[in-house]
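Trainee: Please take me through one part closely: the contact between chain A and chain B. Give me the setting, then the detail.

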Amino acid sequence: MNKNILYLLALITAASLMGCEETVVLDSEQVQSKIVIEGLVTDQEKHHYVKVSRSGEFYSNGNFSGVVDAAVTVEDDQGNVFNYVHNPSGMDDEGYYLSEDVFAGQVGSSYKLTVTVGSEIYTATDVLNPVTAIDSLEVSLNEEEYDDPEDEGYFYEILFYAKEPQETEDYYLFKFYRNDSLLLDSETDVYYANDDLLGESIDGIPTAGFYKLGDRARVEMYSISRQGYIYYNDLSSLLNTDGGMFTPPPANPRSNLTNAALGYFQVSAVVSDSIAVE
Amino acid sequence: MVPTNLTKFLLILSLVWLSQYSQAQQKYTINGYAKDAENGEELIGVTVYVNELKVGTATNVYGFYALSLPAGDYTLIFSSVGYKTVTKQVSLTKNETFNIELPVEVTSLDEIVISGDPIDANVTDITMSRNELDIKQVKKLPALFGEPDIIKTIQMMPGVITAGEGTSSFFVRGGSADQNLILIDEAPVYDPSHLFGLFSVFNADVIKDSELYKGGIPARYGGRLSSILEVRTKDGNNKKIGGAAGIGTLASRFMLEGPIRKEKSSFIISGRRSYADLFLKAAGQENLVHFYDVNAKVNWKHNNNNRFFAALYLGRDVFNFDDTFGFDWGNITGTFRWNHLFNDRLFSNTSLIVSNFDYALEFDDDAQGFNWTSNLQEFSFKEDLNYFINTRNELEFGYHLTYRRFSPGEISPTSEASIFETQEIQNDYALDHSIYLGNEQRLSDRITLSYGARLSIFQNVGKSDVYIYEDPQDNIDIVHKDTLHYDHLENIKTYVNLEPRFAARFMINPRSSVKVSYNRMVQNTHLISSGTVPIPFNTWSPSNYYLKPQLADQVAVGYFRNFKDNTLEFSVESYYKDIDNVTDFADNAQLFFNKDLPTEYRQGDSWSYGLELMLQKKEGRFTGFASYTWSKTERKIDGVNLGRPFLANYDRRHVFNIVGTYDLNDKWSFGGSLTYSTGRPITVPAGRYKYGDTYQVDYISERNGYLLPDFHRMDLSATLTPRKNKDRKWKSNWVFSLYNAYSRKNAFTIYTRVQQDDEGNIINGDVKEARMISLFPVLPSVTYNIQF
């Protein structure tokens, strides 16, 4: 349950030409900036990244200052330590750290991130769970969208097929790409799932957004831990809160990071598939 | 065992005490029912005053009174607001029954001559912290979409706070919305809202009487912490067939009532349905919304000693979107009552009550189709007795047994191809026994006491599995250490609580009094919601292995004063309420379809205090009230807001209301209301950060640390009663309403989003803005009513 009820109420009132929304200025007290950490280790052999930044004021312009002098390491449960260096290519944004060496995360292993900023130490641990395979993707014409497309020519959707292992407790995060750019139905959408209510066959679930002829669609599926599921679920609630009228009061997502840092350190197995829209 | 001993103790106490009175001097009893002379409806709260002895009583909620007096000649005065006073000479030499009929006071436009009644309930009645609603006045007041709604008037009472317009929730003296016990013909209504709260389920056409208890709650009521809203429907005219109909802007109503056997039995049936969807359908809209209500009641007065009533309410909201997604919810309640006189002084009401609340969501789709249902059922047996011992003592006692079944959720696929599998959150069952005993005792002309207690024995029973957690407060790493299995009706957990109730009234002079009260209330049904306003998709849970009963202690003191021959009633009350184990939930709690819900429970302390002023005028051309409330409500709960105290999300420091109607002549009358309150607290961001490539995330620091802007609104109405009514069998009137007359944009809530233009296209994905939603601008409406 998120803002939907508010939309419904708005719909009822709008049906009689009422309901009104306007931008207001919050003069709320702004607190000291907090450390924000975001990191991802996958089972792919590559340079993995960690981003360290600071939060800003609610009305800031989005240039959150990257932290350039942090010490960042990831250690697996075998005792292997991977050092990260700040923006080695000089091509990335400030606060962007890459592992010195390429490495691939191992299914079943846990990884511990340590970020040291000045005298403050932030750590997080996550475990790499297996992920099920994507059986196939399918292109399908969405008739409603075809009749009345929001963007001209964009009325194909991508259907997703997979088998959900029933004997394990699994959590997933999805990313959808249209010609290599991330695709969200709404800028507050987070695509994640647990398998509590899922049967084995995942047959023909539409992914986000619509495609036109000639587009290339790609789906990435990440395994996440229960902690990761909770983080993304809380993040989604926060991004879509109605301010606490019908929904719970907004709250910071529960993270695996210590020392009250914001963000999340995610460890995932990842599979992907792509299909041309033709 | 504690309960048995307590029961015995109370029983012995009452027996000893009754026998003491049976030895008193020979007395005779006058009893009977007070009725409306026009339609035969029993009248509640009619004062019966014995002029010679300067003592009196009032009819109970079933219209019955009894007085025990020594032999002699008496003048009995029956009076009630809105009715002509009736005087009766009695020569008492044996037990007598007087069923009295009070003629309706025809509102005369000449200034009312005041009868100078010696009795006025505001000052003399022992009850405090109680508000009655005059349904006739509610109908003349301005109403949203022209639908008169008692809940909207209740929200204007002193000590009552609303979370915003367009909601049917109300918050009494620091209590949350689920701490109100809302009864229709004694059956609880679990969700009193239509259209997410735009209207309440109460159809004004069938309401006879409604009252709100906020403190000093009598021992016969229990189960919720903060208030009792008792709504009683009409029994139906037992003299002649009649009816009413109304066509409003949003809904239409129809009501028919009449005798089945004259003076013996009668019926009433009424229906209401919104019809915006019919217009929308005609306009080609596929998103359809409607609600309806049905109230039906029959009664049969076998003789003066045996009367039977059966009442039914059912109502439902139905939403449909493009034929693929839909949901609906509704209440059904049924009450069967038997009023019986065991003897002249022992009045009994036996009730069988059933209440059902359920909701369903359905999504019709090949791959993602599902059907989700949830329901809650309650079955009660209640035996309530009034023993009119003498003019100094009125005893009430009784036994209530309730069985509840909670089905929090079941989900099933709607097609073979659906990704969903059938899943069910297990049911909860509870048994609730209560016995109570209370006495109202007139110590002297000045002092009246009311004292009693209610013993509640609440059992969470099987069939159920209870998970034992490694750490019940850890909602992230949930580890089941063990599972306890309980069989059908096997006791899982028993909670025994004694709820003392006390009230006292001291008359300073015939026009003013001081009252004090204390009550303890226990609540064993908990709403699983952490929003400010409950929604129909919330579920309820009994007190259980993990969830402890909520306990409230409230003390209140008040000064009551009447002016101008009782036409002006004034009161000032102050209260302090302390709640233990108030049910709340962890930050980020997952309350839907969570089989490990106990890990989200967080119970703690809540406290509230306030001052309430009320000035009311009940008779004359101008009637109405003005109320002012100052109050503060806080909570402190481990695991919520880092364990720091925070303001309740329905806390408002100042609330000021004026409600009034004015009869200009026999053609026009006018109504108006004005409300002003300080904003309620909400949680807003104290900063922002970016996560991933896209997400602009608010940083939250303090729960409820920001106040919404002040709330104020004026509504106006005019009622036109055509003069030609006099010459015809049916009467009609027009009610014109202007809701939010000066079109104030009152904040409903505030949320944040990335900067967008009016069409919702993103202007700048790196900048966020706060958006305030307000629901209603100025809103005119017309309702046409007929009565026959």
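Mentor: Chain B has 5 helices and 51 strands. Here helices (H or I, at least four residues) and strands (E, at least two) are DSSP runs, numbered from the N terminus. The radius of gyration of chain B, taken over C-alpha atoms, is 27 Å. The globule rule (2.2 Å times the number of residues to the power 0.38) gives 28 Å for 788 residues, so chain B is as compact as a globular protein of that length. This is a predicted model: local features need pLDDT of at least 70, side-chain atom pairs count only at pLDDT 80 or more, and totals for chains, interfaces and linings use all residues. Residues are numbered from 1 along each chain as its sequence is written, while chains are lettered from A and ligands numbered from 1 in the order in which they are written.

The C-alpha trace of chain B spans about 90 × 70 × 50 Å along its principal axes. Of its 788 residues, 47% are buried. Buried means that 20 or more other C-beta atoms lie within 10 Å of the residue's own; 12 or fewer makes it exposed, anything in between partly exposed, with C-beta atoms placed from the backbone.

Now the contact between the chains. It joins 68 residues of chain A to 71 residues of chain B. Two residues count as in contact if their C-beta atoms, placed from the backbone, lie within 7 Å. On the chain A side, α1 (4-15) gives the most, with 8 residues. Other elements of chain A that give two or more include β1 (20-24), β14 (201-206), α3 (226-239) and β16 (262-268). By class, this side has 34 nonpolar, 23 polar and 11 charged residues. Ala, Val, Leu, Ile, Met, Phe, Trp, Tyr, Cys and Pro count as nonpolar; Asp, Glu, Lys and Arg as charged; the others, Gly among them, as polar.

Look at β1(A). It runs antiparallel to strand β50 (residues 762-774) of chain B, and 5 bridges join the two. Strands pair if DSSP finds at least two bridges between them. Thr23(A) has Arg771(B) as its bridge partner in β50(B).

Next, follow Ile750(B). Leaving out residues up to four places away in sequence, Ile750(B) touches Arg771(B) too, along with Ala770(B) and Met772(B). Its contacts in chain A are Val24(A) and Gly243(A). The others are Ile682(B), Val684(B) and Leu708(B).

Ile750(B) also belongs to the largest nonpolar core, of 102 residues, where Ile750(B) and Ile154(B) touch the most other members. Such a core is a set of buried Ala, Val, Leu, Ile, Met, Phe, Trp, Tyr and Cys residues joined through C-beta atoms within 7 Å. Strand β12 (residues 180-184) of chain B gives the most to this core, with 4 residues. Apart from it lies another core, of 66 residues. This second core also draws on both chains, with Tyr96(A), Val115(A), Tyr122(A) and Val697(B) among its members. In soluble globular proteins, nonpolar side chains tend to be buried together.

Last, chain A on its own. An automatic or database assignment divides it into domain 1 (35-127) and domain 2 (134-254 + 268-276). Their C-alpha centres lie 25 Å apart. The contact takes 7 residues from domain 1 of chain A and 6 residues from domain 2 of chain A. On the domain 1 side, β2 (35-42) and β8 (120-127) of chain A each supply at least two. β2(A) is also one of the elements giving two or more residues to the side that touches chain B.
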